[in-house]
Amino acid sequence: MAATATATDTNLSNLKTAVAGLDQISENEKSGFINLVSRYLSGEAQHVEWSKIQTPTDEVVVPYDTLAPTPAGATEIKNLLDKLVVLKLNGGLGTTMGCTGPKSVIEVRDGLTFLDLIVKQIENLNSKYGSNVPLLLMNSFNTHDDTQKIVEKYQNHNIEIHTFNQSQYPRLVADDFLPLPSKGNTGKDGWYPPGHGDVFPSLSNSGKLDALLSQGKEYVFVANSDNLGAIVDLKILNHLVAHKNEYCMEVTPKTLADVKGGTLISYEGRVQLLEIAQVPDEHVGEFKSIEKFKIFNTNNLWVNLSAIKRLVEADALKMEIIPNPKEVDGVKVLQLETAAGAAIRFFDKAIGINVPRSRFLPVKATSDLLLVQSDLYTLEDGSVIRNTARANPENPSIELGPEFKKVSNFLSRFKSIPSIVELDSLKVAGDVWFGAGVILKGKVSIVAKSGVKLEIPDGAVIANKEINGPEDL
């Protein structure tokens with residue numbers, strides 16, 4: 001054990017020397033990084049004793065429909081909104097969907113991007129109630145420059161937009177625990193943004209936290225920029241202000257698609273996020289069961305700004321470390337990350353709110369884009385509203401083949417997005433092209449045989465059918 005401790009000390013000592021010489025990052029970033037690596041090397045792990053896990057009560061995970069109604073008066077609503085800041089996590093790139101630049105500038109619907117919709121929503125609130133809800137964008141070094149240019153177009157809108165960068169940490173070479181940039185790889189590949197758990201120290205280090213507190217702001221609503229359901233909810237804000245909750249995580253009932261999502265538990269008297277990585281192997285099946293762990297984290301978080309300041313200054317936010325192994329130019333590297341949801345256990349009066357599924361509408365792939373661009377949704381004041389004509393509360397499951405993975409390919413293969421209000425499931429693979437005005441119902445599978453170009457004619461109605469070639473149409 002002593003030898004291991006000595007090796008760890010040597011690793012850390014060498015790392016500190018190497019990091020001190022990295023002039024691309026700030027002193028705050030250097031110390032934050034060393035702190036994270038020290039915790040990782042010390043083997044500090046959040047082991048959960050399975051027998052101590054308890055299902056949270058309705059006091060801890062509050063059902064949304066038990067929340068008090070929003071105040072009726074416009075003045076009271078303005079007073080509520082004036083306590084609020086909206087923060088979108090904007091560090092991700094659109095690469096998985098074949099796009100360059102920040103993911104938030106992908107066009108979602110009617111020519112509007114994620115960012116356009118977010119701005120519209122907040123602008124609408126500010127205009128309606130005379131409030132001043134600012135929008136903060138937490139960028140990564142990958143998205144910063146592009147975002148700065150993009151936000152200029154909102155200059156004359158009724159919204160204040162502030163941007164700040166999350167930390168930039170060096171990737172660690174797995175063999176010797178030295179930073180990749182100190183070995184000559186000083187390009188972007190040498191660095192990484194350390195997960196959205198970094199939102200709290202970065203908000204503080206950027207000076208934004210103190211500025212917001214000085215303006216009388218009390219709560220920040222944090223959400224992923226690609227979650228179209230994450231709109232400001234006055235009932236939730238009203239509840240938190242009335243009950244002085246320092247932290248609130250929106251959770252929603254699991255479906256079979258969400259079995260890997262983190263869930264809230266009561267543990268040793270506090271509410272805590274339980275992620276699949278923390279679950280002992282013999283309990284993974286149980287963790288994934290919808291019967292026992294019925295809810296999962298949407299990553300819509302409401303946090304008290306004064307509490308963030310208190311905990312960041314005390315260096316008390318020691319969230320579970322997520323080791324993420326990667327490879328850069330044949331070199332095995334490690335990046336250590338944390339998640340914002342895991343911070344819940346450090347805040348006082350922390351709660352979950354079990355919200356409707358409509359508040360979780362992430363767009364991670366073109367299959368999600370198909371849903372939100374279809375007649376299943378409409379746009380109202382920048383918010384995506386579900387079509388009441390659909391009887392089934394769950395969305396259809398959609399599986400698109402690799403031919404549809406990139407947004408440009410996806411768009412070129414549809415003359416117009418089909419009607420899917422009555423669709424249960426859709427599988428499309430191969431060289432398939434859709435005409436205009438196509439209607440899909442029930443369970444539909446369209447898989448073109450290899451080497452066959454399959455064109456779905458304009459106005460086709462396909463219900464509960466398997467199609468493999470033109471002869472099946």
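## A tour of the aromatic pairs and the whole chain

Start by selecting Phe-293, which is buried because its relative accessible area is 5%, below the 20% under which a residue is called buried. Keep in mind throughout that this is a predicted model.

With Phe-293 still highlighted, add Trp-50 to the selection, and you will have an aromatic pair in edge-to-face arrangement, with 5.9 Å from centre to centre and 65° between the planes. Now colour the chain by secondary structure and look at where these two residues sit: Trp-50 is in the loop between helix 2 (27-41) and strand 1 (53-54), while Phe-293 is in the loop between helix 9 (284-288) and strand 15 (295-304), so the pair ties together parts that are 243 residues apart in sequence. Is Trp-50 buried or exposed? Its relative accessibility is 14%, so Trp-50 counts as buried.

Next, select Tyr-169 and Tyr-192, which form an aromatic pair that is also edge-to-face, this time with 6.2 Å centre to centre and 80° between the planes. Tyr-169 belongs to strand 8 (residues 169-170) and Tyr-192 to strand 10 (residues 191-192), and the pair thereby links distant parts of the chain, 23 residues apart. If you switch on a surface, remember that Tyr-169 is buried, with a relative accessible area of 6%, and that Tyr-192 is buried with a value of 1%.

For a further stop, select Phe-404, Phe-410, Phe-414 and Phe-434 together, since you can then view one aromatic cluster made by these residues. How many aromatic pairs does a search of the whole structure find? The search finds 12 of them.

Now clear the selection and show the whole protein chain as a cartoon, in which you can look for 12 helices and 26 strands. Turn the chain along its principal axes, where the C-alpha atoms fill a box of roughly 70 × 60 × 50 Å. A compact globule of 473 residues would have a radius of gyration near 23 Å, and the 24 Å of the protein chain agrees with this.

Finally, show the surface of the chain, which comes to about 21,100 Å² of accessible area, with 50% of it belonging to carbon and sulfur atoms. Of the 473 residues, 52% count as buried, and among contacts with a separation of 6 or more, 69% come from residues 24 or more positions apart. If you then colour by charge, you can look for 48 positive and 58 negative charges, whose mean positions are 1 Å apart.

Note on methods. Residues are numbered from 1 along each chain as its sequence is written. This is a predicted model: local features need pLDDT of at least 70, side-chain atom pairs count only at pLDDT 80 or more; totals for chains, interfaces and linings use all residues. Side-chain values use heavy atoms; hydrogens and water are left out. Helices (H or I, at least four residues) and strands (E, at least two) are DSSP runs, numbered from the N terminus. The radius of gyration is taken over C-alpha atoms; the globule rule is 2.2 Å times the number of residues to the power 0.38. Buried means under 20% relative accessible area, exposed over 50%, partly exposed in between (1.4 Å probe, protein chains only). Contact means heavy atoms within 4.5 Å. Accessible areas come from the Shrake-Rupley method with a 1.4 Å probe; for residues, only the protein chains shown count as cover. Lys and Arg count as positive and Asp and Glu as negative; His and the chain ends are not counted. The place of a charge is taken as NZ of Lys, CZ of Arg, CG of Asp or CD of Glu. Rings of Phe, Tyr and Trp (its six-membered ring) pair if their centres lie within 6.5 Å; planes under 30 degrees apart count as stacked, over 60 as edge-to-face and the rest as tilted.
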